[in-house]
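User: I am new to this structure and would like to be led through it step by step. Please explain each term when it comes up.

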Amino acid sequence: MKIAFFLSNYPVLSETFVVRQIRGMIDLGHQVTIITGQHDLSVDDPLSGAAHIVSVRANTGGSSPIAHLLKKSARLLLGAQSGKSRRRIRAGLTGLRDGIVAPIVDILSVGEQGLGHFDAIIAHFGPAGVRAMYLRDAGLISGPIATVFHGLDVTEHSLVKKFLPHYRRLFTQTEALLPISELWKKKLIGWGADPAMITVHRMGVDVSDFPMPQPRRGAAGPLRLLTTARFVQKKGLIYAINAMCAAPGDSHLSIIGYGPLEKELREAAAACPARVTFLGKIPHREVLAELKRSDVFLLPSVVADNGDMEGIPVSLMEAMALGVITVSTWHSGIPELIDDGVEGFLVEERNAGQIADIITTIESGEVDLASMRVAARAKIEREFDNRELDTRLEQIAFTLAGIVPATEPVRVAEAVS
């Protein structure tokens, strides 16, 4: 099949899960094109050229973007007697009328030849799906569109306010919606989406890359905790640090990451400097090495002041695959990943005291950690293994394209992970 992944920007270093999904379709033998709003040429292509990359807003040949678009719009208006020109103007003005500029800029930026036809177009994040929809309305791309909803795109207040009218058009004018959690499925239905067009399709991990050590292993010395996240509010790192300072014993927390809240977090950690270490930004292979040395992975996610929420964090999946005990929160889709007390621990959001209590409980030996490690690994193998998820996405794409694959086809509404 010819599959297009429609992204607002490429590459985005924090969106490794998107790159992994694209690679999965390439490995299954499909011809993959990445259509991106903007292509960041300063960042190495993580796929090393395995996918064709097309930028919607291409280089304008030295002229300013505004001047380029004015010339394009003038030519379009002068040729508006043609059906193609009228279609493009109508599509762009529809988006503009409802408060977003991106569609008309995209439409004016794409060359006369358009972006081509694809058997399936998979857009990551709601706004990218909206942009793909308007480009298709304008006749500049063709093929069935499936939009993956992750988290920020359905929770951040200002973004939702801006895009909700366009999401509702997406619900009626495109073919499939692929939220990554049951929680987001419910939200889309609440906004008016037809349940029949929704398939919950998880993000996952490559389980074969995570051999789990002996499940009955014990801690060698004080409990070693690890957190890896961007230093932003929704990650709840301040509560991890406060819990560390409050917990009795000699447990130690290492924090990998960077971000705008670093100064605030370091100031909080100054209350117990011997128990919290900042490791900074390190390569993923070193993150995994730290994870393998850890007893507990801590991610106390919260709803940010602007409404931003997690999807289902891949970092938790990686920890569970390695048999590292996870401590997280009753937040977003995380309870769909972790059954409290069975595959890990969940606490209330913004509750450092509960985190400290869980640390004490783990240290006390009151919990069968070996059974928890085995259960966590089994959950990842069963529901979050990328190999299986790639096959499911392929089946969804076959269905969208109306192609009968060699194996028995799966209806989109049934391909729920």
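Analyst: Buried means under 20% relative accessible area, exposed means over 50%, and partly exposed lies in between (1.4 Å probe, protein chains only). This is a predicted model, in which local features need pLDDT of at least 70 and side-chain atom pairs count only at pLDDT 80 or more, while totals for chains, interfaces and linings use all residues. Residues are numbered from 1 along each chain as its sequence is written, and side-chain values use heavy atoms, with hydrogens and water left out.

User: Is serine 142 buried, partly exposed or exposed?

Analyst: Serine 142 sits in the loop between α5 (126–137) and β5 (145–149), where helices (H or I, at least four residues) and strands (E, at least two) are DSSP runs numbered from the N terminus. Apart from neighbours within four places in sequence, serine 142 is in contact (heavy atoms within 4.5 Å) with Gly116, His117, Phe118, Ile121 and Arg136. Its relative accessible area is 29%, so serine 142 counts as partly exposed.

User: How far apart in space are the C-alpha atoms of serine 142 and aspartate 119?

Analyst: Along the chain, serine 142 and aspartate 119 are 23 residues apart. In space, the separation of their C-alpha atoms is 8.5 Å.

User: Is histidine 331 buried or exposed?

Analyst: Histidine 331 is placed in the loop between β11 (325–329) and α13 (334–337). Not counting residues up to four places away in sequence, histidine 331 touches Ser301, Val302, Val303, Met309, Glu310 and Glu349. Because its relative accessibility is 1%, histidine 331 counts as buried.

User: How many of the eight residues of helix α12 are buried, and what does the helix pack against?

Analyst: The buried residues of α12 are Ser315, Leu316, Met317, Glu318, Ala319, Met320 and Ala321. That is seven of the eight residues of the helix (residues 314–321), so α12 is largely enclosed by the rest of the structure. These buried residues pack against β7, α11 (284–292), β10 (296–298), β11, α13 and α15 (369–383).

User: How many aromatic pairs are there?

Analyst: Rings of Phe, Tyr and Trp (its six-membered ring) pair if their centres lie within 6.5 Å, and planes under 30 degrees apart count as stacked, over 60 as edge-to-face and the rest as tilted. By this rule the count of aromatic pairs is four.

User: How are the rings of phenylalanine 163 and tyrosine 167 arranged?

Analyst: Both residues lie in helix α7 (residues 157–173), four residues apart, which is about one turn of the helix, and both are buried. Their ring centres are 6.2 Å apart and their planes meet at 25°, so the pair is stacked.

User: How are the rings of phenylalanine 231 and phenylalanine 278 arranged?

Analyst: This pair links distant parts of the chain, 47 residues apart, with phenylalanine 231 in the loop between β7 (224–228) and α9 (237–246) and phenylalanine 278 in strand β9 (residues 276–280). Phenylalanine 231 and phenylalanine 278 are buried. With ring centres 6.2 Å apart and planes at 80°, the pair is therefore edge-to-face.

User: Which residues form one aromatic cluster?

Analyst: Phenylalanine 163 and tyrosine 167, the pair in helix α7, both belong to this cluster. The full membership is Phe149, Phe163, Tyr167 and Trp191.

User: What share of the residues of the protein counts as buried?

Analyst: The protein has 16 helices and twelve strands. Among its 417 residues, the share that counts as buried is 53%.
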